[in-house]
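Trainee: Could you take a close look with me at how the cysteines are paired here? I would like to see where each pair sits and what surrounds the rest of the chain.

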Amino acid sequence: MLKGLLRLAPYAAVLFSLLSTAQADDGRRVFTGTLGKTPIVVELNTQQQDEVTGRYFYEKYHRDLPLSGALQDSTLTLVEGNNRYGDHKPLPTLKLKSTANGWQGEWQNPKGKKLSVQLVEARLPAPTATTLPFIATLPKDDPYEYLRLQGLKLKPGKKDNFMGYDLQWWAEPESKISFFSIESGYPKQEQQRINEQLLGRLWKEVISYHACMLQGGENAEQWQSVAPTFLSSDIVSLNINTGYDCGGAHPDVGNSPINLNAHTGQAIKLEDVLTVGGGKGTSTGTSEGKQREEFAQWLIKQFTSLYPDEMKKPAEGDEDSCDYTDENVWGVFDWYFTAKGIYLGPYFPRVQRGCDEPEWSILPYSVVKQHPGAVKLQLPQG
């Protein structure tokens, strides 16, 4: 079972009995067994018999290898890997026959080496009362990832202090995904709920890493940094910056902040603390698109007053400058708490991605407090 911070202080949870089969709602089935003498975990979707898809990993290494092929009668023929870059290199194959509770057959590499394959329906270890809530959802939601995470452990890193709160950093060595837990400053139950969210997110990022590696193949890359941005008795806020190249036309990078209510461990929405338009909320019947438009107009007005130089509209024809007066770049944005106010980061098209993440785009708490949301959180003077 997962160790370290996957097991926080005990909390009430429903125990899952040992499951005899592992099948996702979309038809994916999970098997465990051996390739040669090496333990493997395999996921297959045979619902479309002429387009079978799947993946597998060696329990020792945890990295996915893609599978594709066809099922004819009771014989499953699969190719391991793909020639996504047009190199047409020979690939290993698997030829499997259906059994009463799985598959058996043979793996063969392009040089003719053959190894036996034995697979049975996966039996999943039951989560315990101290398993993270996110991990406890996986036997039903994603049994393949649940089995992958069984073999992964967190490695403790540096200890840190941020805004008077002690932090412990953790890393998953294979993906190099790193996150922190909070070790002091909150009542015990609140701290536990916060850490369940933080470490649950760590494991979600590990799963995303493996998805990127599978999609991008040999050339895939993913890198990430996590930074706390604001901690208080009411708020836990941090920013996750991820860069990735998962086999698409271009690499990309983006932010994915986390804002938590420290008392409940639940996510804070921006409208919980900042409401613009229609008094205590937008007018009845106003569409979501209209709300975004009204908010963008209001935000541009605030930032133009606060940061006139940065918000100065570029000269006509100057395509290299960043136009922060464009409502479209504020239609979707990242946001998180800081000591000075709420940071809101605009979103530009890929060709202007260098305009993202300006350091100055902070809405002071003095402005935020003039437009409070429904959730009462203590904010700094700002």
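Mentor: Happy to. Let me settle one term before we start: a residue is called buried when its relative accessible area is under 20%, exposed when it is over 50%, and partly exposed in between. Please also keep in mind that this is a predicted model.

Let's set the scene with the whole chain. The chain has 382 residues, of which 46% are buried, and its secondary structure comprises six helices and 18 strands. If you take the contacts between residues at least 6 apart in sequence, 50% of them join residues at least 24 apart. The accessible surface amounts to about 19,800 Å², with 50% of that belonging to carbon and sulfur atoms.

Now to your cysteines. The count comes to two disulfides. With the bonded cysteines numbered in sequence order, the pairing reads 1-2, 3-4.

Take the pair Cys-212 and Cys-246, whose sulfur atoms are 2.1 Å apart. The torsion about their S-S bond is about -105°, which makes this disulfide left-handed. Cys-212 belongs to helix α3 (residues 188-216), while Cys-246 sits in the loop between β13 (235-245) and β14 (252-255), so the bond ties together parts that are 34 residues apart in sequence. Are these two cysteines buried or exposed? Both Cys-212 and Cys-246 are buried.

The other pair is Cys-322 and Cys-355, with an S to S distance of 2.1 Å. Here the torsion about the S-S bond is about -80°, so this disulfide is left-handed. Cys-322 is in the loop between α5 (288-306) and β16 (334-337), and Cys-355 is in the loop between β17 (341-345) and β18 (362-364), so the pair links parts that are 33 residues apart in sequence. The definition I began with is needed here. Cys-322 has a relative accessible area of 24%, so Cys-322 is partly exposed. Cys-355, at 5% relative accessibility, counts as buried because the limit for that class is under 20%.

Let's follow α3 a little further, since the helix that holds Cys-212 turns up in other places too. Helix α1 (residues 133-141) has Phe-134, Ile-135, Ala-136, Leu-138 and Pro-139 as buried residues. These buried residues of α1 pack against α2 (143-150) and α3.

Helix α3 also reaches a pocket. The second largest pocket encloses about 390 Å³ of space, and 18 residues line it, with Pro-66, Gly-81, Asn-82, Gly-217 and Glu-218 lying nearest its centre. The elements that give two or more residues to this lining are β4 and α3. By class, the lining of this second largest pocket divides into six nonpolar, five polar and seven charged residues.

Strand β4 (residues 65-72) deserves a stop of its own, and Ser-68 is a handy residue in it. Ser-68 has a relative accessibility of 34%, so it counts as partly exposed. Thr-53 is 15 residues away along the chain, and its C-alpha atom is 4.6 Å from that of Ser-68. Beyond its neighbours within four places in sequence, Ser-68 is in contact with Val-52, Thr-77, Leu-78 and Val-79.

For an interior view, turn to the cavities. There is one cavity of 30 Å³ or more, and the largest cavity holds about 30 Å³ of space. Which residues line the largest cavity? They are Leu-35, Ile-40, Val-42, Tyr-56, Leu-67, Leu-94, Leu-96, Val-117 and Leu-119. The elements giving two or more residues to this lining are β2 (38-45), β6 (93-99) and β8 (114-121). The lining of the largest cavity consists of nine nonpolar residues, with no polar and no charged ones, whereas the second largest pocket has seven charged residues in its lining.

One last stop is Asn-261, in strand β15 (residues 258-261). Its relative accessibility is 13%, so Asn-261 counts as buried. Setting aside residues up to four places away in sequence, Asn-261 touches Asp-234, Gln-266, Ile-268, Val-375 and Leu-377.

To return to your request: of the two disulfides, one joins the buried Cys-212 and Cys-246, and the other joins Cys-322 to Cys-355, with Cys-322 partly exposed and Cys-355 buried.

Technical notes. Residues numbered from 1 in each chain as written. Predicted model: local features only at pLDDT ≥ 70, side-chain atom pairs only at ≥ 80, totals over all residues. Heavy atoms only, no water. 1 Å grid on protein atoms, 1.4 Å probe; cavity = no way out; pocket = protein on both sides within 12 Å on 5 of 7 lines; lining within 4 Å. Points joined across faces, edges and corners; volume = space filled by probe spheres on them. Helix = DSSP H or I, 4+ residues; strand = E, 2+ residues; numbered from the N terminus. Nonpolar A, V, L, I, M, F, W, Y, C, P; charged D, E, K, R; others polar. Disulfide = S-S within 2.5 Å. Buried < 20%, exposed > 50% of the residue type's maximum accessible area, 1.4 Å probe, protein only. Contact = heavy atoms within 4.5 Å. Areas by Shrake-Rupley, 256 points an atom, 1.4 Å probe, with all protein chains shown as cover.
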